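The following exercises are to be worked through with the sequence and the structure at hand. Each task is followed by its solution in steps.

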There are 2 protein chains.
Amino acid sequence: VASDFENGVSLGEMAEADVLARIFPRLPESTSTLLGPGDDAAVVAAPDGRFVVTTDMMVEGPDFRREFSSAEDIGFKIAAVNLADVAAMGATPTALVVALGAPAETDVAVLESIADGLRLACESLAPSCGVVGGDLSSAPVLTLSVTAFGDLAGREPLTRSGARPGDVIAVAGELGAAGIGLEMLFAAEGPDEFSQVGQNPLTRAQLRPHPPIALGVTAAVTGATAAMDVSDGLVLDASRIAKASGVSMVFDELGIAQCAAQIAVEALKQGFSDDEIVEHVLYSGESHALLTTFPIDQVLPLGFTPIGTVIAQAAEPVYFGNRPLPIRGWNPFSY
Amino acid sequence: VASDFENGVSLGEMAEADVLARIFPRLPESTSTLLGPGDDAAVVAAPDGRFVVTTDMMVEGPDFRREFSSAEDIGFKIAAVNLADVAAMGATPTALVVALGAPAETDVAVLESIADGLRLACESLAPSCGVVGGDLSSAPVLTLSVTAFGDLAGREPLTRSGARPGDVIAVAGELGAAGIGLEMLFAAEGPDEFSQVGQNPLTRAQLRPHPPIALGVTAAVTGATAAMDVSDGLVLDASRIAKASGVSMVFDELGIAQCAAQIAVEALKQGFSDDEIVEHVLYSGESHALLTTFPIDQVLPLGFTPIGTVIAQAAEPVYFGNRPLPIRGWNPFSY
């Protein structure tokens, strides 16, 4: 999989201006840029007098590994996960700033490939969004920190606190694929197996996620009452909506089965059982699907699958039918 | 100096929500927050339909060391350097987002002290500015990435490209102190010496810089033609204004002597010679003074010292009297 990490000249051998000159032409351009790179700060349009902002750091080791991810994958993923957070607010992504730390011996081609990944992610997921600024630092391992901006076009933001009893719970995008993909990568041994496994659609969901960015605005304009990006697992993230909204969330068998069906053909082929697939749908992280709630009388927009119902606050925050689901999921310091 | 790194419970022993519950109350609040932490993204006011944005990453090792800096110092400094970039655009800082990477064994008290430093910096340098969002990650060393926002209140941003022949070059804030302070820290041996040296005003300028944030707006409203934050050394940064504006910059003896005089009493006491002090004024980084140009007929606002004159583009970008100054300064990958 990884192939763009070694090439020619290292960062430590080049002047910063020359490094930037190699990266800048590959970065995506934002249509919201009023003043771009070249000064101490950029100036970005915020047409309705507000902007949405989110930030996410990815560190080599805990968040990605060079055996699994190409540098282009890493750039793609850090953009995608930030865009997903903007989309979950019901906003259109407008711009990114990117801080990058790397060892001095890092090949400048690695930074070029990361820039390519940032560009490909913006082109395919959020076409008017681009990079408006950044920073280069020395760091012991490759470290990316992206801050993403979005425009609400005069709408109220979608939050975690708007779910109401009676609402339908609906999800857009895949659940569980990224988690199964990660297990497949950990099970692979040696460069040949990595390379083969790395082409599988489930590992691609882990290494280069394609969250349904445009459906964030769709959810907002069609009356969604709450939304969030599923980054730490469906159950844990649903419990956060439950807590913020003062409700409980009940998933139904059919809805979860439909989510499982989206990944089952490939997952069964890889030797995962039906139970394991459902477990991944419910609990595995980095899905970056869009979890929403809609009023019961709203026809769900194309791309959303109903997976349950919001009820008045009950003893537990999340149920699968009648059964309370244990709340567990991802912690950044216990990977 | 450093004292707040060891205490009690580590990040790896706590749930993320509990870590955040300990940090949030210590963070500064922004008066521009429309929707704060608790959702996938924050919503920030941008009253004039634009926002200024800059980002800066600081990594343990190349950018700070626990022997020299307390955790509170580190939080203070990362806020201050980002605020200085916003100020250099002629904008008022409104908000910060903070991504923090740390080893799992890091004491949660370290994060509390970093939060204290962020708060103290905002309180003393930019009172309406606060933290509106963030991210926690696992990282091999302490890594901070801050993105800062500013409001231009309808004005055009100050850039590096507006300097015109005949303009006065003026600086606000100290030049050279942070560089001398860093030399003093490197020369110190053992905890006792660090602790003593760490109280000196020159080392404080390195560890906990106080850039003249409010003077960024002052420069803008009094007609400055160009501005930038001096982060990589006066000569290198002046050469950037020269290049962007298509001019050359001439420093005069009196102006540079006045800058040197600001730090001379303390620096001479520490054994630095007059020549070494001038060298630091001209070349040492992390000053975070505000370098500006003003029309010749503009009375300089309080806090600005005239240090030279902008001339039509000459053979070299920067001169000290008649003598061209070599352009050299900081490179992030050759520390």
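A residue is called buried when its relative accessible area is under 20%, exposed when that area is over 50%, and partly exposed in between. The structure treated here is a predicted model.

**Exercise 1. Determine the class of A:E276 and describe the charged patch to which it belongs.**

Step 1. The relative accessible area of A:E276 is 39%. Because this value falls between the two cut-offs, A:E276 is partly exposed.

Step 2. A:E276 is located in helix 10 of chain A.

Step 3. On the surface, A:E276 joins A:E183, A:D274 and A:D275 in a patch of negative charge. Helix 10 of chain A, residues 274-283, supplies three residues, the largest share of this patch.

**Exercise 2. State what relation connects chain A with chain B.**

Step 1. A turn of 180° with a shift of 0.0 Å along the axis lays chain A on chain B, and the RMSD is 0.0 Å.

Step 2. This is therefore the relation of a two-fold axis.

Step 3. Within chain A, the residue that comes closest to the rotation axis is A:G49, whose C-alpha lies at 2.3 Å.

**Exercise 3. Compare the settings of A:H288 and B:A153, given the sign of phi in each.**

Step 1. Most residues other than glycine have a negative phi.

Step 2. Phi is positive in A:H288, near 55°, and positive in B:A153, near 50°.

Step 3. A:H288 sits in the loop between helix 10 and strand 10 (289-294) of chain A. B:A153 belongs to the loop between strand 6 (143-151) and strand 7 (168-172) of chain B.

Step 4. A:H288 has a relative accessibility of 6% and so counts as buried. B:A153, with 53%, counts as exposed.

**Exercise 4. Locate the partners of three salt bridges: B:R160 with A:D40, B:D73 with B:R208, and B:R328 with B:E279.**

Step 1. Side chains of opposite charge can pair when their charged atoms come close. Over all chains, a search of the whole structure finds 32 salt bridges.

Step 2. In the salt bridge of B:R160 with A:D40, the closest N and O atoms are 2.6 Å apart. This pair crosses between chains: B:R160 is in the loop between strand 6 and strand 7 of chain B, and A:D40 is in the loop between strand 1 (33-35) and strand 2 (42-45) of chain A. Both B:R160 and A:D40 are buried.

Step 3. For B:D73 and B:R208, the closest N and O atoms are 2.9 Å apart. The pair links distant parts of the chain, 135 residues apart, with B:D73 in helix 2 (residues 71-87) and B:R208 in the loop between helix 6 (201-207) and helix 7 (214-221) of chain B. B:D73 and B:R208 are both buried.

Step 4. For B:R328 and B:E279, the corresponding distance between the closest N and O atoms is 3.2 Å. Here 49 residues separate B:R328, in the segment after strand 13 (323-324) of chain B, from B:E279 in helix 10 of chain B. B:R328 counts as partly exposed at 42% relative accessibility, and B:E279 is partly exposed at 35%.

**Exercise 5. Where does B:E316 lie, and how far is it from B:M249?**

Step 1. B:E316 lies in the loop between strand 11 (304-312) and strand 12 (318-320) of chain B.

Step 2. With a relative accessible area of 37%, B:E316 is partly exposed.

Step 3. B:E316 and B:M249 are 67 residues apart in sequence, while their C-alpha atoms are 8.8 Å apart in space.

How values were computed
Residues are numbered from 1 along each chain as its sequence is written. Chains are lettered from A and ligands numbered from 1 in the order in which they are written. This is a predicted model: local features need pLDDT of at least 70, side-chain atom pairs count only at pLDDT 80 or more; totals for chains, interfaces and linings use all residues. Side-chain values use heavy atoms; hydrogens and water are left out. Patches are made of residues with over 30% relative accessible area and no salt bridge: like charges are joined within 9 Å, nonpolar side chains (Val, Leu, Ile, Met, Phe, Trp, Tyr) within 5 Å. Accessible areas come from the Shrake-Rupley method with a 1.4 Å probe; for residues, only the protein chains shown count as cover. A salt bridge is a side-chain nitrogen of Lys or Arg within 4 Å of a carboxyl oxygen of Asp or Glu. Lys and Arg count as positive and Asp and Glu as negative; His and the chain ends are not counted. The place of a charge is taken as NZ of Lys, CZ of Arg, CG of Asp or CD of Glu. Helices (H or I, at least four residues) and strands (E, at least two) are DSSP runs, numbered from the N terminus. Buried means under 20% relative accessible area, exposed over 50%, partly exposed in between (1.4 Å probe, protein chains only). Copies are superposed by least squares on the C-alpha atoms of residues with pLDDT of at least 70 in both.
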